[in-house]
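Let's take a walk through a protein model and see how its parts meet. Keep the picture open while you read.

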Amino acid sequence: MKKYIAEMLGTMVLVLMGCGTAVSLSCTSADPNLAATVIGTALAFGLSVVAMAYTIGGVSGCHINPAITLGCLLSGRMSGKDAGMYMLFQVIGAILGSAVLWVLTSNSGVSGTGANACQEGVSVTGALLAEIVFTFVFVLVVLGTTDAKKGAGNFAGLAIGLSLVLVHLACIRYTGTSVNPARSIGPALFQGGEALSQLWIFIVGPFIGAVLSAGVWKIVAGGKE
């Protein structure tokens, strides 16, 4: 049970810090598309992962992302039961983080929960492709750096966090960057509207990307874990 609670807490922190930064920077800037807002949000998500990796990594492995959990499941690193429980508690954590952010914004005149949606000029197909591609890259990094024999050891958390920064910098313009179904579910539930109607993109896309990355990593790593 400890590892499930760790996943819940880690995901809660990720959503609160990452989405909270996105909301704060967007509201304090005349133009939410300014480079400072994009870079700040990307760093917030990446640093949150680094912080949690070295906080709960020894307890649960610090997935804090259903797509990563799916990738680990398909790579034979965990059981189906654990994978299901991880995903459940990750979503609960994301909802808790979004709830805290919603309370903060509701009582401070700030609006939004950092929910994902197709950005201006981006079609549903474009957004779906972006989530598939960038989740593929991100989960592949996770699988590679945490591999028991070929991984980066104690530096895995840093590598994963920095790769998430990079993914955000490249993907924010298309979808606001999810690559994490839980991260999208929590904010969408509180924001509603477009975020909720487009939520399927940020569940289906990351899961497809995770499946592809697990398959590719098995080929690259020789099919053995």
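## Where helices meet

Start with one meeting place: Pro181, Ser184 and Ile185 of H7 touch Phe202, Ile203, Pro206 and Phe207 of H9. One thing to keep in mind is that this is a predicted model.

How do the axes of H7 and H9 cross? They come within 8 Å and cross at roughly 175°. Angles over 145 degrees count as roughly antiparallel, so H7 is roughly antiparallel to H9. Sort the residues of this contact by type and you get six nonpolar, one polar and no charged.

Now look at H3 and H4. Their axes come within 9 Å and cross at roughly 175°, which makes H3 roughly antiparallel to H4. On the H3 side the contact uses Pro66, Thr69, Leu70 and Leu73, and on the H4 side Gly80, Ala83, Tyr86, Met87 and Gln90. The split here is six nonpolar, three polar and no charged.

## The nonpolar cores

In soluble globular proteins, nonpolar side chains tend to be buried together. With that in mind, how many residues does the largest nonpolar core have in this model? The answer is 41, and Ile64 and Phe138 are the ones with the most contacts inside this core. Helices that give two or more residues to the core are H1 (2-28), H2 (35-60), H3 (66-74), H4 (80-106), H5 (124-145), H6 (156-175) and H9 (201-220). Which of them gives the most? That would be H1, with seven residues.

Zoom in on Phe138 for a moment. Leaving out residues up to four places away in sequence, Phe138 touches Asn65, Ile68, Ile160, Ser163, Leu164, Val167 and Val179. There is also a second, separate core of five residues, and among them are Cys118, Ala127, Ile201 and Phe202. You have already met Phe202, in the contact between H7 and H9.

## Two salt bridges

How many salt bridges does the structure hold? It holds two, and here they are side by side:

| Salt bridge | N to O distance |
|---|---|
| Lys3 and Asp82 | 3.0 Å |
| Arg77 and Asp147 | 3.6 Å |

Take the pair of Lys3 and Asp82. Lys3 sits in helix H1 and Asp82 in helix H4, so this pair links distant parts of the chain, 79 residues apart. Are these two residues buried or exposed? Lys3 is partly exposed, with a relative accessible area of 29%, while Asp82 has 17% relative accessibility and counts as buried. The cut-off for buried is under 20% relative accessible area.

Then comes the pair of Arg77 and Asp147. Arg77 lies in the loop between H3 and H4, and Asp147 in the loop between H5 and H6, so the bridge ties together parts that are 70 residues apart in sequence. Arg77 counts as partly exposed, at 27% relative accessibility. Asp147, at 6%, counts as buried.

## Loop residues worth a look

Most residues other than glycine have a negative phi. Two loop residues in this model go the other way. Where is Cys62 placed? You'll find Cys62 in the loop between H2 and H3, and its phi is near 55°, a positive value. Cys62 is buried, with a relative accessible area of 11%.

Thr177 is another one with a positive phi, near 65°. Its place is the loop between H6 and helix H7 (181-191). How buried is Thr177? The relative accessible area of Thr177 is 0%, so under the 20% cut-off this residue counts as buried.

Finally, visit Gln198, in the loop between helix H8 (193-197) and H9. Gln198 counts as buried, at 13% relative accessibility. Which residues does Gln198 contact, leaving aside its neighbours within four places in sequence? They are Ala117 and Cys118, and Cys118 is one of the residues of the second core. By contrast, the C-alpha atoms of Gln198 and Ile160 are separated by 27 Å, with their positions 38 residues apart along the chain. Ile160 is one of the residues that Phe138 touches.

Technical notes
Residues numbered from 1 in each chain as written. Predicted model: local features only at pLDDT ≥ 70, side-chain atom pairs only at ≥ 80, totals over all residues. Heavy atoms only, no water. Core = buried A, V, L, I, M, F, W, Y, C linked by side-chain atoms within 4.5 Å. Buried < 20%, exposed > 50% of the residue type's maximum accessible area, 1.4 Å probe, protein only. Helix = DSSP H or I, 4+ residues; strand = E, 2+ residues; numbered from the N terminus. Contact = heavy atoms within 4.5 Å. Salt bridge = Lys/Arg side-chain N within 4 Å of Asp/Glu carboxyl O. Axes fitted to C-alpha atoms, helices over the stretch in contact; angles between N-to-C directions. Parallel < 35°, antiparallel > 145°, perpendicular 65-115°, else oblique. Nonpolar A, V, L, I, M, F, W, Y, C, P; charged D, E, K, R; others polar.
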